[in-house]
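I am opening a fresh page of my notebook for this protein chain. I want to write down, entry by entry, what I looked up and what I found.

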Amino acid sequence: MIAVIKQGTSKEQIDKLIDWIRGKGLEVNYSQGSQETILGLIGDTTSIDAELLDSMDIVESVTRVSEPFKLANRKFHPDDTVVHVADGVDVGGGSFQVIAGPCSVEGDNLFAIADAVKAAGATMLRGGAYKPRTSPYSNQGMGERGLDLLVEARERTGLPIVTEIMDPRDLPLFLERGIDVLQIGARNMQNFPLLREVGKTQTPVLLKRGMAATIDELLMAAEYVMSEGNPNVILCERGIRTFETRTRNTFDLNAVPVLHYLTHLPVIADPSHATGYTRYVGQMALAATAAGADGLEIEVHDNPPKAWSDGGQALLPSMFSELMPEVRAIREVVA
Ligand SMILES: [Mn+2]
């Protein structure tokens, strides 16, 4: 970290600041130029609040030299992380997985959807039992019963299951059932107690980017999980909120190569929530595949008008099975 000191600052004030920095356990490299004075902070700068330093009267600017994420950083771990989900289902490191299923688990129709997505080539089944809804009056999901239906669908199809956890107090219910992937939704990307709790397990975590989160904030959220001892983090780009209203979110496909550059963690993409409209999902699934995503998460429903949530962006099973060969074709070109 580098701090540029304002012109006209007295030596005494600078010495006071250097003492403060040394008090945090860091070394200081002092450089007095003809125009400006620069302090180089050497050591573990996580003990320094960069904003606080920047706000000091004598400080002109503060620049971070190294990223604050360490465990997720590709610099320290050049090889891709491969997250092992189940026998034959690895995410990252050259494999490609497709997670498909309904937004909400609603009942027995889950089984027909699971059979259909499996037949089309999906390698994991998704479905929400606990649903984060904008309105407290909207359907909140089936809860524990929904988890049981997912387990039944897994027994039936062999597909590992991916489902969202919203409350750290529910974690035992997920672990008892051996839920294969714990999804952290966009709204909970910075729910730090939840991140820490799933970080204490070894269960793979699918961490979705918050709708107003920067790429660095997503990586710091991953860092929370990893710093508790769980290295099995899969990142997911699902669109961010911008001024554009013609789609539910703006699909930031830049994030896919940027994340691959910055981190060794696998990166998947969710064209369903990113676009919000069934008619755009297929094309953007192909675009995400072309951008180098390690997989896709796609909402599929057998009767979208009757879906409890997100019917407007669901693919029918027939649409999903038409899409999959196209995804495979794109994948062959880029992989
Ligand atoms: Mn949904």
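**Entry on helix α10.** I began with helix α10, residues 278–290, and noted that its buried residues are V281, A285, L286, A288 and T289. I keep in mind that this is a predicted model. What covers these buried residues? I found that the cover includes strand β13 (267–269), helix α9 (271–275), strand β14 (295–299) and helix α11 (317–334). When I followed the chain past the helix, I came to G292, whose phi is positive, near 100°.

**Entry on D310.** Staying in this part of the chain, I looked up D310, which is found in the loop between β14 and α11. Its phi is near 55°, which is a positive value in a residue other than glycine. Is D310 buried or exposed, or something in between? I wrote down partly exposed, because its relative accessibility is 21% and buried would require a value under 20%.

**Entry on the chain as a whole.** I then stepped back to take in the whole protein chain, whose secondary structure comes to 11 helices and 14 strands. Its C-alpha atoms fill a box of roughly 75 × 40 × 40 Å, taken along the principal axes. Of the 335 residues in the chain, 52% are buried. I also looked at contacts with a separation of 6 or more, and found that residues 24 or more positions apart account for 68% of them. The chain exposes about 15100 Å², and carbon and sulfur atoms supply 51% of that area. For the charges, I noted 31 positive and 45 negative ones, with mean positions that are 3 Å apart.

**Entry on the open sheet.** Next I traced a sheet of 4 strands, and I asked in what order they lie. The order is β2-β3-β1-β4, the sheet is open, and the pairing is antiparallel. At the edges I found β2 (27–32) and β4 (59–63), each of which pairs on one side only. From one strand to the next the twist averages 20°. To remind myself how such strands are held together, I wrote that strands of a sheet pair through backbone hydrogen bonds, either parallel or antiparallel. Looking at one pair in detail, I saw that β2 and strand β3 (residues 37–42) are joined over 6 bridges in the antiparallel sense. Within that pair, N29 has G40 in β3 as its bridge partner. Helix α1 (residues 11–23) lies across β1 (2–5), β2, β3 and β4, and runs at about 155° to β2.

**Entry on two strands with buried side chains.** Before looking at the next strands, I noted that in a regular strand the side chains alternate between the two faces of the sheet. In strand β11 (residues 205–208), V205 and L207 lie on one side and L206 and K208 on the other, and since all are buried I recorded both faces as covered. Strand β10 pairs with β11 in the parallel sense over 3 bridges, and Q183 stands opposite L206 in β11. I then turned to strand β9 (residues 161–164), where I161 and T163 point one way, V162 and E164 point the other way, and all are buried. Strand β8 (residues 124–126) runs parallel to β9 and is joined to it by 2 bridges, with L125 opposite I161.

**Entry on R177.** I looked up R177 in the loop between α5 (171–176) and β10 (181–184). R177 counts as buried because its relative accessible area is 14%, and the cut-off for buried is under 20%. Which residues does R177 touch, leaving aside its neighbours within four places in sequence? I listed E144, L147, D148, V151 and R154.

**Entry on E217 and F192.** My last entry takes two helix residues, starting with E217 in helix α7 (residues 215–227). E217 is partly exposed, with a relative accessible area of 32%. Leaving aside neighbours within four places in sequence, E217 is in contact with M189, Q190 and A212. I also noted that the C-alpha atoms of E217 and F69 are separated by 9.5 Å, although these residues are 148 apart along the chain. The other residue, F192, has its place in helix α6 (residues 192–199) and counts as partly exposed at 31% relative accessibility. Between the C-alpha atoms of F192 and A221, which are 29 residues apart along the chain, I recorded a separation of 7.7 Å.

Conventions. Residues are numbered from 1 along each chain as its sequence is written. This is a predicted model: local features need pLDDT of at least 70, side-chain atom pairs count only at pLDDT 80 or more; totals for chains, interfaces and linings use all residues. Side-chain values use heavy atoms; hydrogens and water are left out. Two strands pair if DSSP finds at least two bridges between them. Axes are lines fitted to C-alpha atoms, for helices over the stretch in contact, and angles run from 0 to 180 degrees between N-to-C directions. Contact means heavy atoms within 4.5 Å. Buried means under 20% relative accessible area, exposed over 50%, partly exposed in between (1.4 Å probe, protein chains only). Accessible areas come from the Shrake-Rupley method with a 1.4 Å probe; for residues, only the protein chains shown count as cover. Lys and Arg count as positive and Asp and Glu as negative; His and the chain ends are not counted. The place of a charge is taken as NZ of Lys, CZ of Arg, CG of Asp or CD of Glu.
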